[in-house]
Amino acid sequence: MNFQWKEGNQAELLINGSEYFPDVFEAIRTARREILIETFIIFDDEVGRALKEALLEAAAREVRIEVTVDGYGTADLGDDYIAELTEAGVNMHIYDPRPRRLGMRTNLFRRLHRKIVVVDGEVAYISGINFGWDHLPEKYTMGKQDYGIRVRGPIVADIRRAATALLLEHQAVEGLPHRLVETSPHGEADMRLAIRDNDQHRTDIEDHYLEAIRTAKSRLLIANAYFFPSYHLWRELRNASRRGVEVTLILQGRPDMPWARMFSSSLYSYLLKDGIRIYEYQEHPLHGKIAIADDDWATVGSSNLDPLSLSLNLEANLFIRDAGLNRQIREHLTELIENSCRLITPEAAEKGRWWRAPLMFVSFHFLRHFPLSAGWSPGHTPRLEPLTPKEHSKQRALH
C-alpha cells in the first residue's frame with residue numbers, strides 16, 4: 001500500500017477521551033453498513049461498556065462490525081464481554097495472542113498499537129486513545145492527556161484500506177467490499193496516511209517526521225509521550241535548532257511509566273545545548289503523539305518517538321496540511337505550556353548526569369540495534385486469530 005497526499009479533506013481535533021469517546025460512539029450509533037475498529041486496549045470499564053453498548057445497537061441493525069485488538073494490550077478482557085459481542089454478530093479478532101510463561105507475557109514486541117475507527121467508509125478517526133477510563137483526565141487524576149482526529153473526505157478511503165488490509169492479509173475475513181462509497185471532498189485540508197509495519201512500511205512515519213523537521217523554517221512543536229528518538233530524528237532536531245528554527249518539546253513530567261521519563265531525561269542536556277526548549281507536562285500523564293511545523297503542517301496518531309513505535313509496532317499517523325488545524329494545536333499546546341508545564345533548565349538537566357550519561361549511551365546504542373535482533377526470533381512472527389470466549393479462556397488458562 002502506497003498512500004499519497006489527498007486533497008479536499010476536513011479535520012477536527014478531539015482532545016482527550018471526553019471529546020473523543022462521545023464522537024466515536026455517536027458515529028457508531030448512526031452506522032448503516034460497516035464499522036472497522038483497531039485498538040491496542042479495550043477495558044471492561046465505563047468506557048469499554050459504552051463502546052460495547054454502541055456496537056450491540058449497531059449489530060442489531062445488521063451493520064457489519066470488525067473489531068481487532070492487540071494480544072498484549074487486551075489480554076485480560078473478560079469472556080462475558082467478548083461473548084456478548086460475538087453472539088450479537090460482532091466479528092472480534094486478536095493480534096498476536098500468546099500465553100504467558102512463568103507469569104510473564106511473551107508477546108512484548110510488534111504490537112498492534114494503531115487506534116483506527118472507520119464508519120461506513122465516510123468518517124474515520126485516528127488517535128492515540130485506547131478504550132478505557134485512563135483516557136479521561138478530567139475525571140481521574142491518572143487519566144492521560146491525549147489526542148485524536150476525526151476526518152471526512154477522500155482520505156477516509158485510505159484509512160479504510162489500511163484497516164481492511166490487516167484483516168485480509170491474515171485471511172481473517174471474507175466479502176469485504178473494496179470500497180463502500182465514493183468519498184467526495186469535504187474541506188480544504190491535504191492529508192496523507194502513514195502506517196508503520198514490519199514489511200514494506202518500516203520507516204514511513206519516521207520519514208515524514210524527518211521531512212517536516214528538515215524543511216521547517218520557523219517552528220517545530222512536538223508533544224510526545226515516550227521520547228527516545230532514533231539518531232536521525234535527534235540529529236535533525238538539533239540541526240533545525242542550529243539553523244534558527246524554534247524547536248520545543250513537551251514530554252512527560254508525571255509519567256505513567258517511570259522508565260519512559262528516565263530515558264527521555266537522559267537526552268535533556270544534549271538537546272538543551274543546541275537551544276531546544278523542553279517542557280514537562282505536570283498535570284496528568286502525557287500520552288499524546290502530536291506535532292506541528294511552521295504554520296500549516298501537523299500530525300496526530302499512535303506513534304511515539306521511541307524504538308517500539310519507530311521500529312517494531314504497527315502504528316498509524318495522519319500528516320495534515322491545514323493552517324486552521326495547525327493554529328488550533330499550537331494554541332492548545334501553548335496553553336498547556338503556560339499553565340501545566342515545567343521548563344527544564346540546564347541546571348535541572350545536569351542533576352544526576354554522572355550516572356545518567358553512561359545509561360543514556362548504553363541504552364541509546366542498545367535500542368538502536370534491539371529492534372533488528374528482536375525481529376530474528378521466529379516466536380515473534382505475528383498472527384491474527386478470531387477472539388472468542390472459548391479461545392480467550394484457553395489463553396487465560398495458560399496464564
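This is a short tour of two helix packings, a buried histidine and two residues with positive phi in a predicted model.

The model is predicted, with local features needing pLDDT of at least 70 and side-chain atom pairs counting only at pLDDT 80 or more, while totals for chains, interfaces and linings use all residues. Residues are numbered from 1 along each chain as its sequence is written, and side-chain values use heavy atoms, leaving out hydrogens and water.

**Stop 1: helix 1 and helix 2**

Select residues 16–29 (helix 1) and 46–60 (helix 2). Helices here are DSSP runs of H or I with at least four residues, strands are runs of E with at least two, and both are numbered from the N terminus. The two axes come within 8 Å and cross at roughly 15 degrees; axes are lines fitted to C-alpha atoms over the stretch in contact, and angles run from 0 to 180 degrees between N-to-C directions. Helix 1 is therefore roughly parallel to helix 2 (angles under 35 degrees). Their crossing is right-handed, meaning that the near helix is turned clockwise from the far one by less than a right angle.

Now show the side chains. From helix 1, Phe21, Phe25, Ile28 and Arg29 meet helix 2 residues Val47, Ala50, Leu51, Ala54, Leu55, Glu57 and Ala58 (contact: heavy atoms within 4.5 Å). This contact comprises 9 nonpolar, no polar and 2 charged residues; Ala, Val, Leu, Ile, Met, Phe, Trp, Tyr, Cys and Pro count as nonpolar, Asp, Glu, Lys and Arg as charged, and the others, Gly among them, as polar.

**Stop 2: helix 2 and helix 3**

Keep helix 2 and add residues 79–87, helix 3. These axes are 10 Å apart, at an angle of about 15 degrees, so helix 2 is roughly parallel to helix 3. In the contact, Gly48, Arg49, Leu51, Lys52, Leu55 and Leu56 of helix 2 meet Tyr81, Glu84 and Leu85 of helix 3. By class, the residues are 5 nonpolar, 1 polar and 3 charged.

**Stop 3: His332**

Go to helix 10, residues 323–340, and select His332. His332 is buried, at 15% relative accessible area (buried is under 20%, exposed over 50%, partly exposed in between; 1.4 Å probe, protein chains only). Beyond its neighbours within four places in sequence, His332 is in contact with Ile15, Gln145 and Tyr147.

**Stop 4: two positive phi values**

Most residues other than glycine have a negative phi. Asn16, in helix 1, has phi near 65 degrees and is buried at 3% relative accessibility. Gln171 has phi near 55 degrees; Gln171 sits in the loop between helix 4 (155–169) and strand 8 (189–196) and is exposed at 73%.

Note on methods: Angles under 35 degrees count as roughly parallel, over 145 as roughly antiparallel, 65 to 115 as roughly perpendicular and the rest as oblique.
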